Amino acid sequence: MHLTLEFGGGLELLCESVKVHNVNVDLPKGADKLTMKDLLAWVRTNLIKERPEMFIKGESVRPGVLVLVNDCDWELSGQLDTTLEEKDVVVFISTLHGG
């Protein structure tokens, strides 16, 4: 499945400072759909190059990371259970700032 993943607010630093990734994510074995839970596992394995604990906590994103699927807050679409479709755009933005 072709997706566009965007990282901002400092999260791009975890992905070798690349903000936009056009990726092809395979469906999990035996699955007929791709969910955000599956995508987060894929991102952790394939895109995050350092300090994954700054992005992932358990199976979800850390508190303070805003997730948008096609410009809609994922909290309105089911969070980890959100089903992704071909050519969806998923944006991850850190809302936490050092001081």
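**Exercise 1. The surroundings of His21**

Task: In this predicted model, determine which residues His21 touches, leaving aside those up to four places away in sequence, and whether His21 is buried or exposed.

Solution.
Step 1. Locate the residue: His21 is part of strand β2, which spans residues 20-24.
Step 2. List the contacts. With residues up to four places away in sequence set aside, His21 touches Leu3, Thr4, Leu5, Phe7, Cys15 and Leu47.
Step 3. Consider the polar atoms. A polar atom of the His21 side chain lies 3.0 Å from the backbone oxygen of Val18.
Step 4. Judge the accessibility. The relative accessible area of His21 is 11%, and the limit for a buried residue is under 20%; His21 is therefore buried.

**Exercise 2. Leu5, a contact of His21**

Task: State where Leu5 lies and how far apart Leu5 and His21 are in sequence and in space.

Solution.
Step 1. Leu5 belongs to strand β1.
Step 2. Leu5 and His21 are separated by 16 residues in sequence, while their C-alpha atoms are 5.1 Å apart in space.
Step 3. Apart from residues up to four places away in sequence, Leu5 touches several others, including Lys19, Val20, His21 and Val23, together with Leu39, Trp42, Val43, Leu47 and Val90.
Step 4. The relative accessible area of Leu5 is 0%, so Leu5 is buried.

**Exercise 3. The order of the sheet**

Task: Establish the order of the strands in the open sheet of five strands, and identify which strands are the edge strands.

Solution.
Step 1. The order is β2-β1-β9-β6-β7, and the pairing is mixed.
Step 2. The edge strands are β2 and β7, each of which pairs on one side only.
Step 3. Examine the parallel pair: β1 and β9 run parallel and are joined by five bridges. Within this pair, Glu6 has Val91 in β9 as its bridge partner.
Step 4. Examine an antiparallel pair: β6 and β9 run antiparallel, also with five bridges between them. Here Leu66 stands opposite Ile93 in β9.
Step 5. Recall the background: strands of a sheet pair through backbone hydrogen bonds, either parallel or antiparallel.

**Exercise 4. Strand β6 and its hairpin**

Task: Explain why strand β6 is described as largely enclosed, and describe how β6 pairs with β7.

Solution.
Step 1. Strand β6 consists of residues 65-69, and four of these five residues are buried; the strand is therefore largely enclosed by the rest of the structure.
Step 2. Two bridges link β6 with β7 (residues 72-73), in the antiparallel sense. Leu68 has Asp73 in β7 as its bridge partner.
Step 3. The hairpin of β6 and β7 has two residues between the strands, and Asn70 takes a positive phi near 55° in this hairpin.

**Exercise 5. The aromatic pairs**

Task: Find how many aromatic pairs the whole structure holds, and characterise the pair formed by Phe7 and Phe92.

Solution.
Step 1. A search of the whole structure gives three aromatic pairs.
Step 2. Phe7 and Phe92 form a stacked pair, with 5.2 Å from centre to centre and 20° between the planes.
Step 3. Phe7 is in strand β1 (residues 2-8) and Phe92 in strand β9, so the pair ties together parts that are 85 residues apart in sequence.
Step 4. Both partners are classed by accessibility: Phe7 counts as buried at 3%, and Phe92 is buried at 0%.
Step 5. Phe7, Phe55 and Phe92 together form one aromatic cluster.

**Exercise 6. The buried side of helix α1**

Task: Explain why the buried residues Met36, Leu39, Leu40 and Val43 are placed on the same side of α1.

Solution.
Step 1. Helix α1 covers residues 36-46, and Met36, Leu39, Leu40 and Val43 are buried in it.
Step 2. These residues cover an arc of only 100° around the axis, and therefore they lie on the same side of α1.

**Exercise 7. Cysteines**

Task: State how many disulfides are found, and compare the accessibility class of Cys15 with that of Cys72.

Solution.
Step 1. With a disulfide taken as a pair of cysteine sulfur atoms within 2.5 Å, the count is zero.
Step 2. Cys15 is buried, with a relative accessible area of 2%, whereas Cys72 counts as partly exposed at 31%.

Note on methods:
Residues numbered from 1 in each chain as written. Predicted model: local features only at pLDDT ≥ 70, side-chain atom pairs only at ≥ 80, totals over all residues. Heavy atoms only, no water. Buried < 20%, exposed > 50% of the residue type's maximum accessible area, 1.4 Å probe, protein only. Helix = DSSP H or I, 4+ residues; strand = E, 2+ residues; numbered from the N terminus. Pairing = 2+ DSSP bridges. Phe/Tyr/Trp six-rings, centres within 6.5 Å; stacked < 30°, edge-to-face > 60°. Polar contact = N/O pair within 3.5 Å; in protein donor to acceptor, adjacent residues only side chain to side chain. Contact = heavy atoms within 4.5 Å. Arc of directions from axis to C-beta.
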